[in-house]
Amino acid sequence: MGRLVAVSNRVADPRNASAGGLAVALGEALKVTGGLWFGWSGKVVETAQGGTPGEGELHQQQAGNVTLATVDLCREDHDGYYLGYSNGVLWPVFHYRLDLADFDAGQNLNIYRRVNQLFARKLAPLLEPDDEIWIHDYHLIPLAAELRAIGCSQRIGFFLHIPLPPPLILAAIPQHEWLMRALFAYDLVGFQSHADLEHFGRYVQSEARAEPMGEHRYRAFHRTVRAQAFPIGIDVDEFAELGRGPEARETYEMMMAQYARRRLLLGIDRLDYSKGLPQRLKAFQILLAEYPENRMSATLVQIAAPSRESVDAYADLRREMEGITGAINGRYGELDWMPVRYIHRTTSRRRLPGLCRASRVALVTPLRDGMNLVAKEYVAAQDPADPGVLVLSRFAGAAEQMKEALLVNPYDTRATAQAVQQALHMPLAERQARHGKLLERIRAQDVHWWSGEFLRTLAESDCG
Ligand code: GDG
């Protein structure tokens, strides 16, 4: 197999821990294979008034066996491509939130396309003939088409980290045909779940009249693409190892000492409207209202790492969370007990396993999620002799694999509260049995399995 070239919007040093599923997973995969990781530097450069949008400067840096190559974006490109189109249109629509999509800013689609062209122009000279190119996520859907347009003939795969909604939701995007047609420039397109794959199959057949060509292959626009589900995983051993480190142990002991007589419930998320955080807090409020034995005892620690704060919907969510948290703490809090500990900051990754292990219940209740790695990290961090219980949304991709969790509909806050109550009272033998099965599955389909399967399938996908 040739060198691996991974491309994603953001690039992170794989030796450091970052908050965000894609960076965590791709970093783990690249640490093993080595290669080139290309993307935006995270830096926005201002252009002189009246000047043409900047042609981003290329930076290269070595991080162990991985070369990081990044480009800067000018303000206009960043706002149109990243904030406007990727996070203002594609993110909400792909998470089934047509109500939050801003379709009016038509110029943003052109800028999205222009930045994909810029990435193609900057990446092409770095490529070698035998490279296997692996492009990630919704920011870069048209990148393979742009690379092909300037003569790249290497194998190119694409993995979508977020859900793919059903055809009639996708069809709400102006120029959705252009976007989906771009997927046919890839040799392999990977999705998180079978549900997403099924939506893709239905879309291309109904909207693009693609012909199914046997299992996993579709032909349209004079090209054949292979499409398959590859549920992303975590590095179970790495997370368990992190759990044996000093910060995790200190966190575990501090939480156990502080909450010796209490029950900890835990949520760890980016502050994003897809994660169902207001609904989760309302479910917790119902737990306190309807099962009063939990008052002075059940404590929800909610870590909400700041994310995309310059997009309006995220600022609204932040205010909503502060309002609900304040209301619950005001109504139920006592001098020596606060029901919700809400932390709107990023927590060190080294502390997370300790926090997971100290918590009796994890609440992973997104309204929609491609996969959700926190669900898997929680299971990996538990003591198998006395494990906690995972309450998991049926709308997370992870629910397809993690059937032994307590699956809930996060919109049904009363039912979620009942599931939390059930989790809090689950007998040890049942907790052990559920945890054992979950751990076995997340071990079998870990992050190395995910990247290995994807790259092996890509190597076999001679589509043309
Ligand atoms: C996207 C898709 C898909 C969270 N808060 C902190 C922190 N985290 C870490 C978690 C976990 C990662 O960030 C979040 O991953 P998720 O999978 O839960 O969610 P997204 O960021 O939305 O990721 C998702 C994923 O891509 C991978 O394909 O599963 O569906 O939306 O690892 O532990 N890490 C630190 N501090 C925090 O405060 N250090």
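The shell around the ligand is a mix of 12 nonpolar, 9 polar and 5 charged residues. Keep in mind that you're looking at a predicted model. In total, 26 residues surround the ligand, and at least three of them come from each of domain 1 (4-233 + 447-460) and domain 2 (236-443).

**Who touches the ligand**

- The closest residues to the ligand are H161, T347, D369, L373 and E377.
- D369 uses its side chain: one of its N or O atoms sits 2.5 Å from an oxygen atom of the ligand.
- T347 goes in with its backbone instead, where a polar atom is 2.5 Å from a nitrogen atom of the ligand.
- R270 joins in too, with an N or O atom of its side chain 2.8 Å from a ligand oxygen.

**How covered the ligand is**

- On its own the ligand would expose 730 Å², and the protein buries 97% of that.
- Four elements each give two or more residues to the shell: helix 1 (21-33), strand 11 (263-270), strand 12 (298-305) and helix 13 (373-381).

**A look at strand 7**

- In a regular strand, side chains alternate between the two faces of the sheet.
- Strand 7 (residues 188-191) has L188 and G190 pointing one way, with V189 and F191 pointing the other.
- Buried or exposed, those four residues of strand 7? They are all buried.
- Strand 6 (residues 155-159) runs parallel to strand 7, joined by 3 bridges.
- Strand 10 (residues 223-229) also pairs with strand 7 in the parallel sense, over 4 bridges.
- V189 has a bridge partner in each neighbour: F158 and, in strand 10, A227.

Key. Residues are numbered from 1 along each chain as its sequence is written. This is a predicted model: local features need pLDDT of at least 70, side-chain atom pairs count only at pLDDT 80 or more; totals for chains, interfaces and linings use all residues. Side-chain values use heavy atoms; hydrogens and water are left out. A residue is near a molecule or strand if one of its heavy atoms lies within 4 Å of it. A polar contact is a pair of N or O atoms within 3.5 Å; within protein, one must be able to donate a hydrogen and the other to accept it, and residues adjacent in sequence count only if both atoms are side-chain atoms. Accessible areas come from the Shrake-Rupley method with a 1.4 Å probe; for residues, only the protein chains shown count as cover. Ala, Val, Leu, Ile, Met, Phe, Trp, Tyr, Cys and Pro count as nonpolar, Asp, Glu, Lys and Arg as charged, and the others, Gly among them, as polar. Domain bounds come from an automatic or database domain assignment. Buried means under 20% relative accessible area, exposed over 50%, partly exposed in between (1.4 Å probe, protein chains only). Two strands pair if DSSP finds at least two bridges between them.
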